[in-house]
Amino acid sequence: MRPFFHAQSEALMTKRALKRQLREGALDLSEFEGDPRIRRLPVERAWSPLPRRVDDERDQAFVKTVRPMSEGQKAMMEAVDTHNLVLALGPAGTGKTYLAIAKAVEALEAGKVGRIVLSRPAVEAGESIGFLPGEMEDKLAPYLRPLYDALSDRLSMKRVRAMMAEGIIEIAPVGFMRGRTLNNAFVVIDEAQNCTYVQLKMLLTRLGWHSTMVVTGDPAQSDLLPELSGLAPVAQRLEAVGNIAVVRLAERDIVRHPLVAEMLGVL
């Protein structure tokens, strides 16, 4: 027997909205506009424990063109515009992954590249992947979820699914990148601190013609043993190559909750 709430919702929703809920697990609130049985609580602004002057600095609205919010982010965006290979290193919350994917979407929509390839290592941080349910794709999905989240913030999930079905957007773990040549593509390697030196060397040499590659990571937050993570030594060696940009972001570039910067200062 159906739950009471689901039966009521189904009676109020159109057939199209019901299909959307079943497919995406989301309600289309516009279907309930004007219904006297639906009562909304007045909300002036999102609640936050921060003072208004601090909270208002965070732009809640979606903007088509991403703008840098710090000098480090500005340097990273300029590096992506002028280099085919960029390494962006910095602590959590500096916007490394978001900016890289935003630039990838921007390049795709401008016709500068023909596809986007996103990759990150599937590293088990204390949990075993074998205990996750489903086939191999289902087991890898939680590791790749952050890339889906960043993509869906720049594109609708409907467009993301359509582009993935057409092969315009590809999301794959690092292990699936070996032996490939990525031409006419914008490649983002995320969480590179969880790659070994050999893995990073393999990934960097996937770069093909008319392509841009951005490698992001935080050497201080590796799930590997310190001597196994290859991001720091690779970045140090590539800084000597003039056509490669190595951007190092700092705590002052953190645009996540202000407490993140304070925590990282003491942890």
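This tour moves through a predicted model, from a helix pair to the nonpolar cores and then to two loop residues.

Begin by selecting helix H4, residues 71-82, together with helix H5, residues 96-109; the two pack at an angle of about 35°, and their axes lie 11 Å apart. Viewed as a pair, H4 passes H5 in a right-handed crossing. To see what makes the contact, show the side chains of Gln 73, Met 76, Met 77, Val 80 and Asp 81 on H4, and those of Lys 96, Leu 99, Ala 100 and Lys 103 on H5. Coloured by character, the residues of this contact fall into five nonpolar, one polar and three charged.

Stay on H4 and centre the view on Gln 73, which lies in that helix. Is Gln 73 buried or exposed? Its relative accessible area is 3%, and because buried means under 20%, Gln 73 counts as buried. The side chain of Gln 73 reaches the backbone nitrogen of Met 69 at 2.9 Å. If neighbours within four places in sequence are left aside, the residues in contact with Gln 73 are Arg 67, Pro 68, Thr 94, Gly 95, Leu 99, Leu 249, Asp 253 and Val 255.

Next, select Leu 118, Leu 151, Ile 171 and Phe 186, which have the most contacts inside the largest nonpolar core, a set of 34 residues. H5 gives the most to this core, with eight residues. Taking Ile 171 as the centre, and again leaving aside neighbours within four places in sequence, one finds it in contact with Leu 118, Leu 144, Leu 147, Tyr 148, Leu 151 and Met 164. A second, separate core has 24 residues, among them Val 174, Leu 182, Leu 203 and Val 246.

From Leu 203, widen the selection to helix H8, residues 197-204, where Leu 200, Met 202, Leu 203 and Leu 204 are buried. The elements covering these buried residues of H8 include strands S1 (85-89), S4 (185-189) and S5 (212-217), as well as helix H9 (231-238).

Finally, turn to the loops on either side of H8. Glu 191 is in the loop between S4 and H8, and its phi is near 55°, a positive value in a residue other than glycine. With a relative accessible area of 26%, Glu 191 is partly exposed. His 210, in the loop between H8 and S5, also has a positive phi near 55°, but at 66% relative accessibility His 210 counts as exposed. As background for this last stop, most residues other than glycine have a negative phi.

Key: Residues are numbered from 1 along each chain as its sequence is written. This is a predicted model: local features need pLDDT of at least 70, side-chain atom pairs count only at pLDDT 80 or more; totals for chains, interfaces and linings use all residues. Side-chain values use heavy atoms; hydrogens and water are left out. Axes are lines fitted to C-alpha atoms, for helices over the stretch in contact, and angles run from 0 to 180 degrees between N-to-C directions. Helices (H or I, at least four residues) and strands (E, at least two) are DSSP runs, numbered from the N terminus. A crossing is left-handed if the near helix is turned anticlockwise from the far one by less than a right angle, and right-handed if clockwise. Contact means heavy atoms within 4.5 Å. Ala, Val, Leu, Ile, Met, Phe, Trp, Tyr, Cys and Pro count as nonpolar, Asp, Glu, Lys and Arg as charged, and the others, Gly among them, as polar. A nonpolar core is a set of buried Ala, Val, Leu, Ile, Met, Phe, Trp, Tyr and Cys residues joined through side-chain atoms within 4.5 Å. Buried means under 20% relative accessible area, exposed over 50%, partly exposed in between (1.4 Å probe, protein chains only). A polar contact is a pair of N or O atoms within 3.5 Å; within protein, one must be able to donate a hydrogen and the other to accept it, and residues adjacent in sequence count only if both atoms are side-chain atoms.
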